[in-house]
Amino acid sequence: MYKGNNRTLLLVEDEIVIAMATKQKLGEYGYNIIHAITGSDAISIIKEKKDIDLILMDIDLGEGIDGLETAENILEDKEIPIIFLSSHSESEIIMKTEKIGSYGYVSKSANIGVLKSSISAAFELSESQKPFGLRDLS
């Protein structure tokens, strides 16, 4: 178990059981998890909280706006890494996430190690894209 990460993730997931399990497992790696059930909730949270480092976005969010539209709305106002989570594996869905500018796509059936690895890679990629003076070198 890894502690001391101190990164805050926004998990946008409408299925409560999946959200709670994911939150618990990622918490064991030291991540602080904020949970949003809807796309609208996610947009509000991003506007209110400035300390969110990465978003884990479910594509299907029930009624209301889906994860793809939510991500587009968020990225209009804030540069933040987004990893999409879904049980879909159709290539057209994956291509849509790539057009938005995601930092990855993880199947919900993947084990927590795959998700943790994808999160780490997204942070590395995000940091490498910042100008040198703005990088967190700690």
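This is a short talk on one predicted model, going from the overall fold to a salt-bridge network, a helix and a nonpolar core.

Let me start with the layout. The chain has 138 residues, and 38% of them are buried. There are five helices and five strands. Read from the N terminus, the elements go β-α-β-α-β-α-β-α-β-α.

Now the charged residues. How many salt bridges does the structure hold? It holds three. They involve Glu13, Glu15, Asp58 and Lys108, which are linked in a network.

I will take the partners in turn. Lysine 108 sits in the loop between β5 and α5. With a relative accessibility of 25%, lysine 108 counts as partly exposed.

The partner I begin with is glutamate 13. Its salt bridge with lysine 108 has the closest N and O atoms 3.0 Å apart. What does this pair tie together? Lysine 108 is in the loop between β5, residues 105-107, and α5, residues 112-128, while glutamate 13 is in the loop between β1, residues 8-12, and α1, residues 16-28, so the pair ties together parts that are 95 residues apart in sequence. Is glutamate 13 buried or exposed? Glutamate 13 is buried, since its relative accessible area is 1% and the cut-off for buried is under 20%.

Next is glutamate 15. Its side chain meets that of lysine 108 in a salt bridge at 3.8 Å, N to O. This pair also links distant parts of the chain, with lysine 108 in the loop between β5 and α5 and glutamate 15 in the loop between β1 and α1, 93 residues apart. Glutamate 15 has a relative accessibility of 40% and counts as partly exposed.

Then there is aspartate 58, whose side chain forms a salt bridge with lysine 108 at 3.1 Å, N to O. Here the link runs from strand β3, residues 54-58, which holds aspartate 58, to the loop between β5 and α5, which holds lysine 108, and the two are 50 residues apart. Aspartate 58 counts as buried, at 2% relative accessibility.

As general background, side chains of opposite charge can pair when their charged atoms come close.

One further distance for this loop: lysine 108 and isoleucine 18 are 90 residues apart in sequence, with their C-alpha atoms 8.8 Å apart in space.

On to helix α3, residues 67-77. Which of its residues are buried? They are Gly67, Leu68, Thr70, Ala71 and Ile74. These residues cover an arc of only 160° around the axis, which means they lie on the same side of α3. Glu76 and Asp77, on the other side of α3, are exposed. The general rule for such a pattern is that an α-helix has 3.6 residues a turn, so residues three or four places apart point the same way. At the start of α3, a side-chain oxygen of aspartate 66 comes within 3.1 Å of the backbone nitrogen of leucine 68.

Ile74 also turns up in the largest nonpolar core, which has 20 residues. Which members touch the most others? They are Leu10, Val12, Ile55, Met57, Ile74 and Phe84. At least two residues of this core come from each of β1, β2 (32-36), α2 (39-48), β3, α3 and β4 (82-86). The element that gives the most is α2, with four residues. In soluble globular proteins, nonpolar side chains tend to be buried together.

Last, the aromatic residues. The structure holds zero aromatic pairs. A charge over a ring does occur, though: arginine 7 lies over the face of phenylalanine 123, at 4.0 Å from the ring centre.

Where is tyrosine 29 placed? Tyrosine 29 is in the loop between α1 and β2. With 25% relative accessibility, tyrosine 29 counts as partly exposed. Its C-alpha lies 9.7 Å from that of asparagine 6, and the two residues are 23 apart in sequence.

To sum up, Lys108 is in a network of salt bridges with Glu13, Glu15 and Asp58. Helix α3 has its buried residues on the same side, and α3 is one of the elements that each supply at least two residues to the largest nonpolar core.

Definitions and conventions:
Residues numbered from 1 in each chain as written. Predicted model: local features only at pLDDT ≥ 70, side-chain atom pairs only at ≥ 80, totals over all residues. Heavy atoms only, no water. Phe/Tyr/Trp six-rings, centres within 6.5 Å; stacked < 30°, edge-to-face > 60°. Lys NZ or Arg CZ within 6 Å of the ring centre and 35° of its normal. Buried < 20%, exposed > 50% of the residue type's maximum accessible area, 1.4 Å probe, protein only. Arc of directions from axis to C-beta. Polar contact = N/O pair within 3.5 Å; in protein donor to acceptor, adjacent residues only side chain to side chain. Salt bridge = Lys/Arg side-chain N within 4 Å of Asp/Glu carboxyl O. Core = buried A, V, L, I, M, F, W, Y, C linked by side-chain atoms within 4.5 Å.
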